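Hi there,

Here is the structure I promised to pass on. Have a look at it first, and then read on for my notes on what turned up.

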Amino acid sequence: RSTPLAAILPLDQHITFHKMVGAAIGVSAAIHVGGHIAHAVYVQTVTPEKNMTAVDILFTQKANMGWVAGTAYITGWPILGILIIMTICSLPFVRRGGHFEVFYWTHMLYVPFWIILIIHAEVFWYYLILPLIMFIIEKILGSRLIKKARYGDIFVTEVGLLPSGVCHLVISRPDNFRYRPGDYIFLQIPAIAKFEWHPFTISSAPEMKGHIWLHVRTAGHWTKQLYEYFSAIDPIQENPDKELKMRQRKSHARASWMPGKRQSQFKIKDKEELQAEKRIAQIMKKVHVKCHIDGPYGTATREIFETEHAVLVGAGIGVTPMASILQSIMYRYKESKRVCPNCKFSFYGVIPESVMKLKKVHFIWINRDQKSFEWFVGLLNKIEKEQIDVAFEEGKDLEKVIDITLYMTAAKAKTDIRGAGLQMALSIIHRRDKKDLITGLSTRTQAGRPNWNEIFSKISEERKGKVKVFFCGAPQLGQVVKKACMKFDFRFRKENF
């Protein structure tokens, strides 16, 4: 991944790489079959003394070619047939049309494909033996039996069904399950489909113990089944109000010893947090559904903490790796902010490179409409408040570690006469209340599409170190962002979903 080979082969996009290999096999097979057909016609027309027609050569053992009883031509046709079936059943209209099992079981034809190919070609097993051993080891390590021995039983313990069609899964996390921000796992829920594994980015920070989060957008057949299944399932009846009341009593006890001005701020903040938690309690329900996970697997976002100035760009549900990264950044900054017990020196602002090299983070999230912001707004609100708390505790105005910018593309910008009035009204409300009417954050939501040249120009002027842009979203938007990065000499990393 760190060599020039990464510029030629898509090592971080394993599915794309797999498709490239499949295409190479298909082209090679077509040339191979064409060559044999041409040879059979040549033998029939140019060497009639051999007394063999093209049909005899291609469909019988008369040519006596092959490792086992001259069956090279006979075995070649089922190999070609299997390859054609696998190719057709791998096309998007099959996988996305609610027929994943057709795709899955036809892909299992690789077993007879290999067996027939060993009979077909005398030397094939020389090339097969080493990768086959590696493949078998990988399959054993990835089996449910090994996963259970390694992680134990894993369950979906909570689920939140958001109106935007996003399903928030809380999954029990084994103590020995370690991952990095931006990593993804493969998830299987036997109650929905016994053989289907689907990749999802982990949206919780690695520092969070006991559970991991997944946010799944309802987009395909399996994800729709997931949403419908958890919509219909009865929650485990527990009283969420009991915990909320306990937290409220603790918060009042903590607030009682705070100084006057800070006490008032603390109470307001705590009230808002309790209201947010109550809303979450209403949409989150406790469940106990068995699942299996495979992973974690890394992506290009693993480079985030080796970057000096990072720009995180998420489009729609592509914000999930950014959620994990932003939480992890705040955890690391809070950890590094601890005061030395001897000299009382605070390390905030001079984070050791052993923790991370990050000096500045710009987070840009692009959504079509207001409801698409709902599941992540709570986390962004927490990040904003934590940065304010850090500044208050330090007793000075510290520069924000994370700058947040939100875009709603369905809204008309100020430059559009159709949206000028609304945007002016929203701006006035934001200046008066210091709060965005759309998201409730202190960050103002921008209308329309981002102007990448303008955004990157401002980022370039900050001079916080080498800039690297991390993108997750639709490939079309990724190409636009990549082109702008090339213009400003920013490094670009992407993760497609």
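The chain has 16 helices and 12 strands. Please keep in mind that this is a predicted model, so everything below describes a prediction. Of the 497 residues in the chain, 40% are buried. The accessible surface comes to about 28700 Å², and carbon and sulfur atoms hold 60% of that area. Contacts reaching far along the sequence are well represented: among the contacts with a separation of 6 or more, 68% join residues that are 24 or more positions apart.

**The annotated transmembrane stretches**

The unreviewed UniProt entry carries the annotation "transmembrane region" for residues 21-45, 65-90 and 102-119. What does the model show for residues 65-90 and 102-119? Residues 65-90 are 65% helix and 0% strand, with 32 Å between the end C-alpha atoms. Residues 102-119 are 89% helix and, again, 0% strand, and here the end C-alpha atoms are 27 Å apart.

Two residues in helix H3 are good places to zoom in. Met86 sits in this helix, which runs over residues 72-88, and Thr75 belongs to H3 as well. Is Met86 buried or exposed? Its relative accessible area is 15%, so Met86 counts as buried. Setting aside residues within four places in sequence, Met86 is in contact with Thr106, His107, Leu109 and Tyr110. Val102 is 16 residues away from Met86 in sequence, and their C-alpha atoms are 9.7 Å apart.

Thr75 is buried too, because its relative accessible area is 10%, and the cut-off for buried is under 20%. Which residues does Thr75 touch, not counting those up to four places away in sequence? They are Ile116, Ile119 and His120. With His120, the separation is 45 residues in sequence, yet 5.7 Å in space from C-alpha to C-alpha.

**Two helix pairs**

If you follow the chain onward, you come to helix H6 (residues 110-120) and helix H7 (residues 124-141), which pack at an angle of about 155 degrees with their axes 11 Å apart. Angles over 145 degrees count as roughly antiparallel, and therefore H6 and H7 are described that way. Their crossing is left-handed. On the H6 side, the residues that meet H7 are Tyr110, Trp114, Leu117 and Ile118; on the H7 side, their partners are Phe124, Leu128, Leu132, Phe135 and Lys139. Tyr110 may look familiar, as it is also one of the contacts of Met86.

The other pair is helix H15 (residues 452-462) with helix H16 (residues 475-488). At what angle do H15 and H16 pack? The angle is about 45 degrees, and the axes are 10 Å apart. That angle makes H15 oblique to H16. H15 passes H16 in a right-handed crossing, whereas the crossing of H6 and H7 is left-handed. From H15, the residues involved are Trp452, Asn453, Phe456, Ser457 and Ser460. They meet Leu477, Val480, Val481, Ala484, Cys485, Lys487 and Phe488 in H16.

Asp489 deserves a look while you are in this part of the chain. It lies in the loop between H16 and strand E12 (491-496). Asp489 has a positive phi of about 60 degrees, although it is not a glycine. Is Asp489 buried or exposed? With a relative accessibility of 69%, Asp489 counts as exposed.

**Two residues in strands**

Finally, a word on two strand residues. Leu161 is in strand E1, which covers residues 154-161. Leu161 counts as buried because its relative accessibility is 17%. Val216 is 55 residues from Leu161 in sequence, while the C-alpha atoms of the two are 9.8 Å apart.

His292 is placed in strand E6 (residues 284-297). Its relative accessibility is 15%, so His292 counts as buried. What surrounds His292, once its neighbours within four places in sequence are left aside? It is in contact with Arg144, Phe186, Leu187, Gln188, Pro190 and Trp197.

Happy exploring, and best wishes!

Definitions and conventions. Residues numbered from 1 in each chain as written. Predicted model: local features only at pLDDT ≥ 70, side-chain atom pairs only at ≥ 80, totals over all residues. Heavy atoms only, no water. UniProt positions renumbered as here; feature names shortened; annotations may be inferred. Helix = DSSP H or I, 4+ residues; strand = E, 2+ residues; numbered from the N terminus. Buried < 20%, exposed > 50% of the residue type's maximum accessible area, 1.4 Å probe, protein only. Contact = heavy atoms within 4.5 Å. Areas by Shrake-Rupley, 256 points an atom, 1.4 Å probe, with all protein chains shown as cover. Axes fitted to C-alpha atoms, helices over the stretch in contact; angles between N-to-C directions. Parallel < 35°, antiparallel > 145°, perpendicular 65-115°, else oblique. Left-handed = near helix turned anticlockwise from the far one by under 90°.
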